[in-house]
Amino acid sequence: MKVGKKYLAPVLFLVIFESIAVTLWLTKNNLFYLVNFSYIGISISLGLFLFIRKNEHARRITQLLVGLYMLVYLGLICGENMQIEGFWYYLFTGVFEAATIHYAVAKIFGPLIFGRGWCGYACWTAMVLDFLPFKTPQKPRKKIGWIRYITFAVSLIFVAALFLAKVGNIERIMFWAFIIGNAVYYGVGIVLAFLFQDNRAFCKYICPITVFLKPMSYFSLLRIKCNTDKCVSCGKCKKVCPMEVDVTDNSRKRKNGTECILCMECVKNCPKNAL
Ligand code: SF4
Ligand code: SF4
Ligand code: SF4
């Protein structure tokens, strides 16, 4: 394979994120967007580059670079609520800033291109959960995914209630909601991981953001596909998949297809290079 083609993906991602960075910088006249999206683009491209170089920590490096930046810098230092409550808050105030842009890019329209790449390479909740010992599920999947709709509704009702009750200083409340919300996510995520022996149990059953992510990623341009001529049906890909995706089925309706986080574990472990 030619060097240029080999490194096409990191270059492409860098170009996409730089385009977003420059467009937002110029249209919003705010240098923050240039720095922010450039940093994220570089982090993702670095991860892809390292993956091509067969570095086994490639995905985790990107996940830590982006996740820590969002949690510590944007969330704790800059005081932006980047969780779903922050998205509702900015949406209600009619401001197309911070969390609304973040959601539009990473979680609503972005998944049409890169599916649930956010979940594999950037989410600060999963960044911690991925350190736990159950990298692949040890127990059968539970049929409790409906909980995500409850947490989604609760987040919306919580912010709507603040506006309807005309509570003062909502911005401050949003900051504390971010801290408390994250603490709750980590707590519940860790307990569920040990209970279900599955690091990604929180993602599968509780996370409200999947209400956006799942339907959008159904149409994702970027998908892991199986070369059925090479595949020998050994089942290794399904064994290593943290999200229990039937990646040997190329249809969009494949089992747990909207759960794929593009972690590449199946690709790395396929003995026939069929993925
Ligand atoms: S499902 Fe939710 S918690 Fe899990 S990685 Fe995606 S956004 Fe993060
Ligand atoms: S690991 Fe590769 S060869 Fe085995 S079932 Fe999956 S795609 Fe087919
Ligand atoms: S192992 Fe493969 S199918 Fe499973 S989530 Fe990762 S990339 Fe997707």
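Cys, Val and the other residues Ala, Leu, Ile, Met, Phe, Trp, Tyr and Pro count as nonpolar, while Asp, Glu, Lys and Arg count as charged and the others, Gly among them, as polar. With that division in mind, select ligand 3 in this predicted model: its shell, sorted by class, has 13 nonpolar residues, no polar ones and 1 charged residue. Of the 14 residues that surround ligand 3, the closest to display are Cys241, Val245, Cys260, Cys263 and Cys266.

Move next to ligand 2, which has 13 residues around it, the closest being Cys231, Cys234, Lys236, Cys237 and Cys270. Colouring this shell by class gives 8 nonpolar, 3 polar and 2 charged residues.

Now centre the view on ligand 1, and show Cys119, Cys123, Thr125, Ala126, Phe202, Cys203, Cys207, Ile209 and Thr210, which surround it. If the helices are drawn as ribbons, α9 (124–129) and α12 (201–205) are the ones to highlight, since each of them supplies at least two residues of the shell around ligand 1. In terms of class, the shell around ligand 1 contains 7 nonpolar and 2 polar residues, and no charged residues.

Zoom out to the whole protein chain, where a cartoon drawing will show 15 helices and 0 strands. The radius of gyration of the protein chain is 19 Å, close to the 19 Å that the globule rule gives for 275 residues, so the chain is as compact as a globular protein of that length. Taken along the principal axes, the box that its C-alpha atoms fill is roughly 60 × 45 × 30 Å. Colouring by burial marks 40% of the 275 residues in the protein chain as buried. If you draw the contacts in the protein chain between residues at least 6 apart in sequence, 68% of them join residues at least 24 apart.

Colour the protein chain by domain next, with residues 80–217 as domain 1 and residues 224–275 as domain 2. Between the C-alpha centres of domain 1 and domain 2 the distance is 26 Å. To see where they touch, select the 14 residues of domain 1 that are in contact with 12 residues of domain 2. On the domain 1 side of this contact, α8 (117–121) and α13 (210–217) each supply at least two residues, and the largest share, 3 residues, comes from α8. By class, the residues on that side of domain 1 divide into 2 nonpolar, 6 polar and 6 charged.

Turn then to helix α5, residues 84–93, which is mostly covered, with 7 of its 10 residues buried. Which residues of α5 are buried? They are Ile84, Glu85, Gly86, Phe87, Trp88, Tyr89 and Tyr90. Follow the backbone past the end of α5 to reach Gly94, whose phi is positive, near 75°.

For the last stop, select Lys239, which lies in helix α14, residues 236–240. Is Lys239 buried or exposed? Lys239 has 12 other C-beta atoms within 10 Å, and it is exposed because a residue with 12 or fewer such atoms is classed that way. A distance drawn from Lys239 to Thr228, C-alpha to C-alpha, spans 18 Å in space, although the two are 11 residues apart in sequence.

Notes: Residues numbered from 1 in each chain as written. Chains lettered and ligands numbered in written order. Predicted model: local features only at pLDDT ≥ 70, side-chain atom pairs only at ≥ 80, totals over all residues. Near = placed C-beta within 6 Å. Helix = DSSP H or I, 4+ residues; strand = E, 2+ residues; numbered from the N terminus. Domains from an automatic or database assignment. Contact = placed C-beta atoms within 7 Å. Buried ≥ 20, exposed ≤ 12 C-beta atoms within 10 Å, placed from the backbone. Rg over C-alpha atoms; globule rule 2.2 N^0.38 Å.
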